[in-house]
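Colleague: I should like to understand how this protein chain is arranged. Could we go through it step by step?

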Amino acid sequence: MSLNRSEKEAVISEVTSLAAKAQTLVIAEYRGITVTDMTKLRSDARSKGVSLSVLKNTLARRAVAGTSFEVVADQMTGPLIYGFSVDAVAAAKVVADFAKTNDKLVIRGGAISGKVLDANGVKQLSNIPSKDVLLAQLCGLMKSPISRTAVVLGALAAKKGETAAA
């Protein structure tokens, strides 16, 4: 069943608002995926803050026109699923992880900050740790010298206490 004009405009405005907030768009071909697998992919994406949509390509092209994702408009052909995420790596991670276990999902490409990514670029992007992990690593690096200094000062204080008692 086709959409009427007002429904098409609603879809375009919804996708345009997603694109305005998102940093990353991942495009994948979903031909041959079962409904069960697609439901699993959608629930996994939802839990990680990724918006997955199956759209008519003409509507998707109109929705991304004028955004940083317009650079991938020429790749929008065939049965595609579009993944938008605010986190720069979340969409790539969700789609790439699912593609590892399901060979019917084929990553076509994507875009991040106005730059076109091919399938390998999306896979490389998916290997980058998430923002939370990177922040935790940074905090660990900043805390390490302070912890070491505290251990050394504690050892010096203990040694002074032993020499004063003797």
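The following questions and answers concern a predicted model.

Colleague: In what order do the five strands of the open sheet stand?

Modeller: Strands of a sheet pair through backbone hydrogen bonds, either parallel or antiparallel. Here the pairing is antiparallel. Strand 1 joins strand 3 over six bridges, and strand 1 also joins strand 4 over six bridges. Strand 2 is linked to strand 3 by five bridges, and the full order of the sheet is 2-3-1-4-5.

Colleague: Which strands stand at the edges of this sheet?

Modeller: The order of the open sheet is 2-3-1-4-5. A strand at the edge has a single partner strand, so one side of it is left without a neighbour in the sheet. The strands in that position are strand 2 and strand 5.

Colleague: Which residue of strand 3 is the bridge partner of Ser51?

Modeller: Ser51 lies in strand 2, which spans residues 50-54. Strand 2 runs antiparallel to strand 3. In strand 3, the partner of Ser51 is Phe84.

Colleague: How many residues of strand 3 are buried?

Modeller: Leu80, Tyr82 and Phe84 point one way from strand 3, while Ile81, Gly83 and Ser85 point the other way. Residues on both sides are buried, that is, under 20% relative accessible area. The number of buried residues in strand 3 is therefore six of six.

Colleague: Within what arc do the buried residues of helix 5 fall?

Modeller: The buried residues of helix 5 are Gly121, Val122, Leu125 and Ser126. Seen down the helix axis, these residues line one face of helix 5, because they fall within an arc of 140°.

Terms used
Residues are numbered from 1 along each chain as its sequence is written. This is a predicted model: local features need pLDDT of at least 70, side-chain atom pairs count only at pLDDT 80 or more; totals for chains, interfaces and linings use all residues. Side-chain values use heavy atoms; hydrogens and water are left out. Buried means under 20% relative accessible area, exposed over 50%, partly exposed in between (1.4 Å probe, protein chains only). Helices (H or I, at least four residues) and strands (E, at least two) are DSSP runs, numbered from the N terminus. The arc is that of the directions from the helix axis to the C-beta atoms. Two strands pair if DSSP finds at least two bridges between them.
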